[in-house]
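Open the model in your viewer and keep the sequence beside it, since each stop on this tour asks you to select something and then look at what surrounds it.

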Amino acid sequence: MAKQEIKQTRTTVDDVNEKLTSMEQRLENNKKLIYGGVAAIIAVFAIVAIFIVVRNNGMKDAQNMVNKADMEYMMQGDSAGLVAYKKAANESYAPASRAAQMAATILYKQKKYDEAIQMLEGSSFNGKIMGPAALSLLADCYVNKKNYDKALSNFDKAIKAAGDNESLTPVFMKKKATVLHATKKYDEELAVYEDMKQKFPNYALGINIDKYIERAKASK
């Protein structure tokens, strides 16, 4: 009886040892896969970290170039500012868009509309103020090129981007209505003025909008 219990005990221990040995073997077999997976994750983190450092350095350099261009513009005027802004606009980071838009502003003043359009269309229209303003400037360029469809399209984008900004949106709406009147789209012009009167009553009052509404009605 005792021999049988000893045999059973030994069998149980042997089973446990075999299971442990099997687990160790599986872990050993999987070590390469585990280490490989960990290495891959570490490599991804390293790449992301390097990208962030490079991007931050690039952003800093680009911003410094734009700041320098601002100083050139303020201290030496359009010509020096334009050169500096164009140089800063060649960077591939976010501040380059503002540089391009500032360059376009100077080009617009110089009546170089094609160049201004090229600078603007190569930029990103980000920011609650600069984005809508740049879109409106692009529309102004197209007005001067007599490309009224593109002008209206960009005024619409500027209006949408500005949202309920009481300083910007009604100005863009007034510009759009002026183009609509010039192109004899009087129904659309009237709709813009009536929308403006409802949404921006203070601005509408300031420009005596009723006279524009009556003009649009009389022109139909």
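Begin by selecting K146, which is exposed because its relative accessible area is 61%, where exposed means over 50% relative accessible area, buried means under 20%, and partly exposed lies in between (1.4 Å probe, protein chains only). K146 sits in the loop between α5 and α6, the helices here being DSSP runs of H or I of at least four residues and strands being runs of E of at least two, numbered from the N terminus. Its phi is positive, about 60°, although K146 is not a glycine. Most residues other than glycine have a negative phi. Now move to K184, in the loop between α7 and α8, where phi is again a positive value near 60° in a residue other than glycine; at 63% relative accessibility, K184 counts as exposed.

Before going further, a word on what you are looking at. This is a predicted model, in which local features need pLDDT of at least 70 and side-chain atom pairs count only at pLDDT 80 or more, while totals for chains, interfaces and linings use all residues. Residues are numbered from 1 along each chain as its sequence is written, and side-chain values use heavy atoms, with hydrogens and water left out.

Zoom out to the whole chain, which has 10 helices and zero strands. Of its 220 residues, 32% count as buried.

Next, colour by pLDDT, the predictor's confidence in each residue, from 0 to 100. The mean for the chain is 78, and 70% of its residues reach 70 or more. Which elements have the lowest and the highest mean pLDDT? Helix α1 (residues 2-76) has the lowest, at 53, and α8 the highest, at 97. Select residues 1-13, where the pLDDT is below 50 and where the model has zero contacts beyond near neighbours in sequence, a contact meaning heavy atoms within 4.5 Å. Then select residues 41-55, where the pLDDT is also below 50 and the stretch has two contacts beyond near neighbours in sequence. Where pLDDT is low, the predicted coordinates should not be read in detail.

Turn now to α5 (130-144), which is mostly covered, with 11 of its 15 residues buried. Among the buried residues are P132, L135, S136, L138 and Y142. To see what covers them, show α3 (95-109), α4 (113-121), α6 and α7, which are included in that cover.

From there, go on to α8 (residues 186-199). The 14 residues of α8 should span 20 Å at 1.5 Å a residue, and its end C-alpha atoms are 20 Å apart, which agrees; the expected span is 1.5 Å times one less than the number of residues. Select Y186, E189, L190, V192, Y193 and M196, which are the buried residues of α8. Looking down the axis of α8, you will find that these buried residues fall within an arc of 160°, so they line one face of the helix, the arc being that of the directions from the helix axis to the C-beta atoms. The face turned away from the buried side carries the exposed residues Q198 and K199. The cover over the buried residues of α8 includes α7 (169-182), α9 (201-206) and α10 (209-219).

Stay with α8 and centre on E189, which counts as buried because its relative accessibility is 0%. Which residue shares a side-chain polar contact with E189? The partner is H181, at 3.0 Å, a polar contact being a pair of N or O atoms within 3.5 Å in which, within protein, one must be able to donate a hydrogen and the other to accept it, and residues adjacent in sequence count only if both atoms are side-chain atoms. Leaving aside neighbours within four places in sequence, the contacts of E189 also include A177, Y212 and R215.

Finish with the largest nonpolar core, which has 24 residues, of which F172, M173, V192, Y193, M196 and I209 touch the most other members. Such a core is a set of buried Ala, Val, Leu, Ile, Met, Phe, Trp, Tyr and Cys residues joined through side-chain atoms within 4.5 Å. Helices α5, α6 (148-162), α7, α8 and α10 each supply at least two residues of this core. Apart from it lies another core, of 23 residues, among them A69, A84, A100 and M119.
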